[in-house]
Amino acid sequence: MNNTIENLRELFVQQSLLLYDTAMREQSELPYIAKNISTPELKELVQKKLRSSKNTGDFLQEVFHTMDIRHEVEKSACCECILTQTEELIDRSKDPFVCDAVIVNTLQQLCHNNIVSLGSLASYAREIGQKEIAFSLEGLSAEEENTDKELARLAKHSINRKASFSIM
């Protein structure tokens, strides 16, 4: 891939490829992370996040086809860092509720990254004349925002409280 980004369309392509990698990594790594969950509601939210990742990945593949974008792997260092840190923290967590708190934090970091990426892509898409794509990207962003709010509620009202009474 040419490393030079000369216009907004090329930036859209570059960031779409990064977001696609994030969606693929989420789909491959979240099932492993979910094996460490002790709270049923959190397991449900991981499943919701997995569906959201699949929707994003599938949609971006459609975008690549529609816009005739050559699909080349572009590695998301941000996603890789979040997931690597999560694995390390899970391995060090002695209490199941502390582990759940780690996983909530991870999912929220991934959601926040995706919300920012989807918002920027939607803005770029509008500017380059891809209004339908922009509208769909905004819908995917709203899905991530909803998941983030549910995670925050679960953490505040359940998981963080339980983790605070963990082994000290």
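This is a short talk on a few residues, one long helix and one pocket of the structure shown above, which is a predicted model.

Let me start with helix H1, which runs over residues 8-34 and holds Glu-26. Glu-26 has a relative accessibility of 0%, and therefore counts as buried, the limit for that word being under 20%. If we set aside the neighbours within four places in sequence, the residues in contact with Glu-26 are Pro-31, Lys-49, Leu-50, Ser-53, Leu-110 and Asn-114.

One of those partners, Pro-31, is itself in helix H1, and with a relative accessibility of 36% Pro-31 counts as partly exposed. With the same kind of neighbours left aside, Pro-31 is in contact with Glu-26 and Leu-50, and Leu-50 is also among the contacts of Glu-26. For a sense of distance, the C-alpha atoms of Pro-31 and Asn-146 are separated by 20 Å, and these two residues are 115 residues apart along the chain.

Glu-29 lies in helix H1 as well, and here the relative accessible area is 25%, so that Glu-29 is described as partly exposed. Beyond the residues up to four places away in sequence, Glu-29 touches Leu-83 and Glu-87. The second of these, Glu-87, is 58 residues from Glu-29 along the chain, while their C-alpha atoms are separated by 9.7 Å.

Now to the loop between H2 and H3, where we find His-71. How far apart are His-71 and Glu-29 in sequence and in space? They are 42 residues apart in sequence, and from C-alpha to C-alpha they are 21 Å apart in space. His-71 counts as partly exposed, because its relative accessibility is 40%, and its contacts, with neighbours within four places in sequence left aside, are Leu-17, Tyr-20 and Phe-64.

Asp-68 has its place in that loop too, between helix H2, residues 40-66, and helix H3, residues 77-92. Is Asp-68 buried or exposed? At 70% relative accessibility, Asp-68 counts as exposed, since the limit for that word is over 50%. Its backbone also deserves a remark, as phi of Asp-68 is near 55 degrees, which is a positive value in a residue other than glycine. As background, most residues other than glycine have a negative phi.

I turn next to helix H5, which covers residues 131-164 and has 34 residues. At 1.5 Å a residue, H5 should span 50 Å, and because its end C-alpha atoms are 47 Å apart, the two values agree. Even so, H5 is bent, by about 55 degrees, at Ala-155.

Finally, a word about the second largest pocket, whose volume is about 160 Å³. The residues that line this pocket are Gln-15, Leu-18, Leu-19, Thr-22, Ser-76, Cys-78, Asn-113, Val-116, Ser-117, Ser-120 and Tyr-124. Two elements give two or more residues to the lining, namely H1 and helix H4, which spans 96-127. Which of the elements gives the most to the lining of the second largest pocket? That is H4, with five residues. Sorted by class, the lining of this pocket has six polar and five nonpolar residues, and no charged residues.

To close with the two residues that we might look at together, Glu-26 in helix H1 is buried, whereas Asp-68, in the loop between H2 and H3, is exposed.

Notes: Residues numbered from 1 in each chain as written. Predicted model: local features only at pLDDT ≥ 70, side-chain atom pairs only at ≥ 80, totals over all residues. Heavy atoms only, no water. Helix = DSSP H or I, 4+ residues; strand = E, 2+ residues; numbered from the N terminus. Buried < 20%, exposed > 50% of the residue type's maximum accessible area, 1.4 Å probe, protein only. Contact = heavy atoms within 4.5 Å. Expected span 1.5 Å × (residues − 1). Bend = angle between axes of the 7 residues up to and from the residue. 1 Å grid on protein atoms, 1.4 Å probe; cavity = no way out; pocket = protein on both sides within 12 Å on 5 of 7 lines; lining within 4 Å. Points joined across faces, edges and corners; volume = space filled by probe spheres on them. Nonpolar A, V, L, I, M, F, W, Y, C, P; charged D, E, K, R; others polar.
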